[in-house]
Amino acid sequence: MFVMKKIGILNGVNLNRLGLREPEIYGKTTLEDLENNLFETAKTLGVEIECFQSNHEGALVDKICEWADKGFSGIVFNPGAFTHTSIALRDCIAGCNIPTVEVHISNVYTREEFRHTSLIAPVCIGQIAGLGLAGYDLALFWHANVNGALLVTK
Ligand code: DQA
């Protein structure tokens, strides 16, 4: 039986304000438009997605656990400012053992120094930063086509 891969699109604190907050940094596209575009991308990639955003650390922890328990094959995660502060989210990803790609719309490494440290990155498969909203599509592509595929290393 063919079962479609399920991938969670998770957005953290303040990302509900996409399109309104600092458009010179994050652009003018709203979270709703971003999610609708990702549903289209998912269709072309032949995967299913579920989207969730919260400004609350615990709600994000609960969602990661829920998706892991439901057998999701991975997560695309922009934690927002929780990137730089949240041991709870880091422990959750490590404990749930679910392949997670960290995404940042802006290039955090060219911005304030406090954005240069991610507590989340060490427990993620990889990180995409600075490619705008395309970062979400690219992370989804990785989950759809690379994650779980046989990698020939020799
Ligand atoms: C962000 C970068 C974070 O430093 C910031 O706190 C955000 C958005 C990004 O997508 O570029 O809220 O995660």
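The following exchange examines the cores, the ligand site and one loop residue of a predicted model.

The model is predicted, so local features need pLDDT of at least 70 and side-chain atom pairs count only at pLDDT 80 or more, while totals for chains, interfaces and linings use all residues. Residues are numbered from 1 along each chain as its sequence is written, and side-chain values use heavy atoms, with hydrogens and water left out.

Trainee: Which residues of the largest nonpolar core touch the most other members?

Mentor: A nonpolar core is a set of buried Ala, Val, Leu, Ile, Met, Phe, Trp, Tyr and Cys residues joined through side-chain atoms within 4.5 Å. Buried means under 20% relative accessible area, exposed over 50%, and partly exposed in between, with a 1.4 Å probe and protein chains only. The largest such core has 22 residues, and those touching the most other members are I9, L18, I49, Y136 and L140.

Trainee: Which helices and strands each supply at least two residues of this core?

Mentor: Helices (H or I, at least four residues) and strands (E, at least two) are DSSP runs, numbered from the N terminus. On that basis, the contributors are strand 1 (6–11), helix 2 (31–45), strand 2 (48–53), strand 4 (100–104) and helix 5 (134–145).

Trainee: How much of the ligand's accessible area does the protein cover?

Mentor: Polar contacts, pairs of N or O atoms within 3.5 Å (within protein, one must be able to donate a hydrogen and the other to accept it, and residues adjacent in sequence count only if both atoms are side-chain atoms), link the ligand to its surroundings. Polar side-chain atoms of H84 and H104 lie 2.7 Å and 2.8 Å, respectively, from an oxygen atom of the ligand, and a polar backbone atom of I105 is 2.8 Å from a ligand oxygen. By the Shrake-Rupley method with a 1.4 Å probe (for residues, only the protein chains shown count as cover), the ligand on its own has 320 Å² of accessible area, of which the protein covers 98%.

Trainee: Is S106 buried or exposed?

Mentor: S106 is found in the loop between strand 4 and strand 5 (126–129). The side chains of S106 and R111 are joined by a polar contact of 2.8 Å. With a relative accessible area of 9%, S106 is buried.

Trainee: How are the rings of W67 and F72 arranged?

Mentor: Rings of Phe, Tyr and Trp (its six-membered ring) pair if their centres lie within 6.5 Å; planes under 30 degrees apart count as stacked, over 60 as edge-to-face and the rest as tilted. The structure holds one aromatic pair. Because the ring centres of W67 and F72 are 5.4 Å apart and their planes at 10°, the pair is stacked.
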